[in-house]
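I opened a new notebook page for this structure. My plan is to go from the whole fold down to single residues.

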Amino acid sequence: MSSTTTTTTHTISLGSSGDKNAQSTPEVKPASAAPAGLGACGTGGYPVPGMPKFDDLYKKRQWQLEHMAGAFRVFARKGYTEGTAGHISVRDPIDPNTFWINPLGVHFGMLKAEDMVHVNEEGQVIGGNKVAVNAAGFMIHSAIHKARPDINAACHAHSPAGKAWSTFGRPVEILNQDSCTFYGIQTVYNSFGGVVLEAEEGQRLAEALGEKGRVAILQNHGLLTAGGTVDEAAYLFTSLERTCEVQLMVESAKLPKNIVGDKEAEYTANVNADPETLYYEFQTDLNYEIWKSNGELSQGL
């Protein structure tokens, strides 16, 4: 069985008793004053649906795999495929020391829940679709899942803008409202050691993500994102890829940049970057893929 949480929306005021033509400098509120998560996303007196809650872990597993397949379809539509490179992993809710990953050599746009492969910490296939998986993908995802119990899903793909920006070995700058999502949660892995086929390289990458990081720029490689749900990790990836694209556009203009201030960035991140809001942000892309699949994909509920 599953149930869906709801979040009460906040009320906004559109009127003012002062001079409507008066100009004023906006006050920067402290981050603690930001509306909490989904409460900031909608208004009108009706609740915003939150993440479903499950009392049956087998149904939760199926829900995760359906959303995982949907995330791959989103990645395919956005052009993140590159041969056999790229992978998404999801921790198994029944046996948390194992995880699910995509099969080697299948196009993202063709994947369904039943295509996913269940692997253990040694990289052996133990269930699901019993086929080979990407060795580099296993090394990366296994190290992350071991190092960070709070992370249930991770995404890595060789997306164009991410690859381009990664050559600079720099974090994305907080240039606009959307990039505030990455305030305080991004890191850069500056050591490129080729294809990740050794356990030590995967461990170093996981260490670079740190205790709280959720996104990483892998120098000369691409992007890595992580979250409590595959939806959160996937949305962070799509948003980071677009942020890299915008950053490259800004850099090419060779004009002075205005960076968002720390207080403003922190306030915005508190509104937009909590796990439940990031989950909800991904549902628009996910539901489009479900609609487009003509029944091949579902919400897994």
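How many helices and strands does the protein have? I looked up the elements and found seven helices and 10 strands. I note that the model is predicted.

**Entry: the whole chain**

I checked burial next. The protein has 301 residues, and 48% of them count as buried. Then I turned to contacts between residues at least 6 apart in sequence. Of these, 72% join residues at least 24 apart.

**Entry: α1 and α7**

I looked up helix α1, residues 57-77, and helix α7, residues 275-292. Their axes come within 9 Å and cross at roughly 80°. Angles of 65 to 115 degrees count as roughly perpendicular, so α1 is roughly perpendicular to α7.

I then listed who meets whom. From α1 come W63, H67, G70, A71, R73, V74 and R77. They meet Y279, F282, Q283, D285, L286, Y288, E289 and K292 in α7. I sorted this contact by class and got seven nonpolar, three polar and five charged residues.

**Entry: D285**

I picked one residue out of that contact. Is D285 buried or exposed? D285 is buried, because its relative accessible area is 17% and the cut-off for buried is under 20%. I placed D285 in helix α7. I left aside its neighbours within four places in sequence, and D285 is then in contact with V74, R77 and K78. I had already met V74 and R77 on the α1 side of the helix contact.

**Entry: α5 and α7**

I went on to a second partner of α7. Helix α5 covers residues 230-253. The axes of α5 and α7 come within 8 Å and cross at roughly 75°. The two helices are therefore roughly perpendicular to each other.

In α5, I found D231, E232, A234, Y235 and L236 at the contact. In α7, they meet P275, L278, Y279, E281, F282, Q283 and L286. By class, I noted eight nonpolar, one polar and three charged residues here. Some α7 names were already on my α1 list, among them Y279 and F282.

**Entry: cavities**

I searched for enclosed space last. The structure holds two cavities of 30 Å³ or more. I looked into the second largest, with a volume of about 40 Å³. Which residues line the second largest cavity? I wrote down W63, Q64, V90, T229, V230 and D231. Two elements, α1 and α5, give two or more residues to this lining. By class, the lining has three nonpolar, two polar and one charged residues. I had seen W63 before, in the contact of α1 with α7. D231 was also familiar, from the contact of α5 with α7.

Methods:
Residues numbered from 1 in each chain as written. Predicted model: local features only at pLDDT ≥ 70, side-chain atom pairs only at ≥ 80, totals over all residues. Heavy atoms only, no water. Axes fitted to C-alpha atoms, helices over the stretch in contact; angles between N-to-C directions. Helix = DSSP H or I, 4+ residues; strand = E, 2+ residues; numbered from the N terminus. Parallel < 35°, antiparallel > 145°, perpendicular 65-115°, else oblique. Contact = heavy atoms within 4.5 Å. Nonpolar A, V, L, I, M, F, W, Y, C, P; charged D, E, K, R; others polar. 1 Å grid on protein atoms, 1.4 Å probe; cavity = no way out; pocket = protein on both sides within 12 Å on 5 of 7 lines; lining within 4 Å. Points joined across faces, edges and corners; volume = space filled by probe spheres on them. Buried < 20%, exposed > 50% of the residue type's maximum accessible area, 1.4 Å probe, protein only.
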